[in-house]
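Thanks for asking me to look this one over. Here are my notes, set out as numbered points so that you can check each of them in your viewer.

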Amino acid sequence: MGQTQKKIALVTGAGSGIGRASALALMKADFFVVLTGRRAEPLQQTLDQGVAEGGAGLAVPADVSDPESVEALFGRIRDECGRLDLLFNNAGVGAPAVTMDELDVQVWKRTVDINLTGTFLCAREAFRLMKEQQPRGGRIINNGSISAHSPRPLSIAYTATKHAITGLTKSVSLDGRAYDIACGQIDIGNAETPLTKNTSKGRLQPDGSTRPEATMDVAHVANAVVHMASLPLDVNVQFMTVMASKMPFVGRG
């Protein structure tokens, strides 16, 4: 496949937003990027753009919440790439903005399945491959979000999963030391993507008002991911917060 001299990266949720921007930036940084997500068409669009800009990669649709789908994804990586140097655990979903007594338990479970269990499943398979491959080791970066620290109103499912990602990151970081596996977390605030298109128009605040919030170009997030990914394995960014300077964060105010 011609990627033998390149480091191999896997980006989940690579069909749009932060995942797409990060995948394209990693291709420009000379990674061979495996792109995954549930929908084949946007993954192929990301890949086509990256190849047109001189990059290389492979699109493999998968559902990160499904253990068999994740195992098949990593089987492709093992068979076609031979190793994995980087996993960017980016895939995630939100939930309706309602009070917790109005949140359907199936919505809660779906949010946990994708945001938390999906991150675990991909990290588990990456850990297994990185532990066994030669040369040994690799890096895992988890997308935590500002909500890993401070919640928005009416966001209990999303916030709970993102707080849990912090614990998962710490555990993987600790358990990976013996195998040269570094794990860090990037917490992102108000990057401009299709999912945050209404942020500059107005978001619900803790006092019940709706006010516009500052945003930033998603390219800054992608550049931060590349920086974390490009460090040698004896150096780790444990936690990085990248946010629009004037967005509400501390106290959400």
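Which residues make the nonpolar surface patch of about 380 Å²?

1. Let me take that one straight away, with the reminder that this is a predicted model. The patch is made by M100, V105, W108 and I156. Of these, V105 belongs to helix α4. With a relative accessible area of 47%, V105 falls in the partly exposed class, because that class runs from 20% to 50%.

2. Next, helix α3, which covers residues 67-80. Its 14 residues reach 20 Å from the first C-alpha to the last, close to the 20 Å expected at 1.5 Å a residue. The buried residues here are S69, V70, L73, F74, G75 and I77. As a reminder, an α-helix has 3.6 residues a turn, so residues three or four places apart point the same way. The buried residues of α3 pack against two strands, β1 (7-12) and β2 (31-36), and against helix α4 (105-132).

3. Both ends of α3 deserve a look. At the N-terminal end, D66 acts as a cap, with a side-chain oxygen 3.0 Å from the backbone nitrogen of E68. After the helix comes G82, whose phi is positive, near 85 degrees.

4. Helix α6 (residues 218-230) makes a good companion to α3. Its 13 residues should span 18 Å at 1.5 Å a residue, and the end C-alpha atoms are 19 Å apart, which agrees. Buried in α6 are V218, V221, A222, A224, V225, V226, M228 and A229. At the start of α6, a side-chain oxygen of D217 comes to within 2.8 Å of the backbone nitrogen of A219.

5. Now the charged pairs. Side chains of opposite charge can pair when their charged atoms come close. How many salt bridges does the structure hold? There are 8 salt bridges. One of them brings together the side chains of K6 and D30, at 2.4 Å from N to O. This pair links distant parts of the chain, with K6 in the segment before β1 and D30 in the loop between α1 (17-28) and β2, 24 residues apart. You may want to look at that N to O distance of 2.4 Å yourself.

6. D30 comes up again for its backbone. Its phi is near 75 degrees, a positive value in a residue other than glycine. Is D30 buried, partly exposed or exposed? D30 is partly exposed, with a relative accessible area of 43%.

7. A second long-range pair is R136 with D180, whose closest N and O atoms are 3.2 Å apart. R136 lies in the loop between α4 and β5 (138-143) and D180 in the loop between α5 (156-176) and β6 (181-189), so the pair ties together parts that are 44 residues apart in sequence. R136 is partly exposed at 36% relative accessible area, and D180 is partly exposed at 38%. Elsewhere, salt bridges that share partners join R124, E125 and R128 into one network. Within that network, the closest N and O atoms of R124 and E125 are 3.8 Å apart. R124 is partly exposed at 32%, whereas E125 counts as buried at 6% relative accessibility.

8. R38 sits in the loop between β2 and α2 (40-52). It is exposed, with a relative accessible area of 53%. Leaving aside residues up to four places away in sequence, R38 touches P61, A62, D63, V93, R110 and I114. R38 and A91 are 53 residues apart in sequence, while their C-alpha atoms are 9.7 Å apart in space.

9. Finally, two backbone details. Most residues other than glycine have a negative phi, and most peptide bonds are trans. Which peptide bond is cis? The bond from Q134 to P135 is cis, with omega near -5 degrees, and P135 lies in the loop between α4 and β5. S145, in the loop between β5 and α5, has a positive phi near 90 degrees. At 8% relative accessibility, S145 is classed as buried, because the cut-off is under 20%.

Technical notes:
Residues numbered from 1 in each chain as written. Predicted model: local features only at pLDDT ≥ 70, side-chain atom pairs only at ≥ 80, totals over all residues. Heavy atoms only, no water. Helix = DSSP H or I, 4+ residues; strand = E, 2+ residues; numbered from the N terminus. Expected span 1.5 Å × (residues − 1). Buried < 20%, exposed > 50% of the residue type's maximum accessible area, 1.4 Å probe, protein only. Contact = heavy atoms within 4.5 Å. Polar contact = N/O pair within 3.5 Å; in protein donor to acceptor, adjacent residues only side chain to side chain. Salt bridge = Lys/Arg side-chain N within 4 Å of Asp/Glu carboxyl O. Patch = residues over 30% accessible without salt bridge, like charges linked within 9 Å, V, L, I, M, F, W, Y side chains within 5 Å. Areas by Shrake-Rupley, 256 points an atom, 1.4 Å probe, with all protein chains shown as cover.
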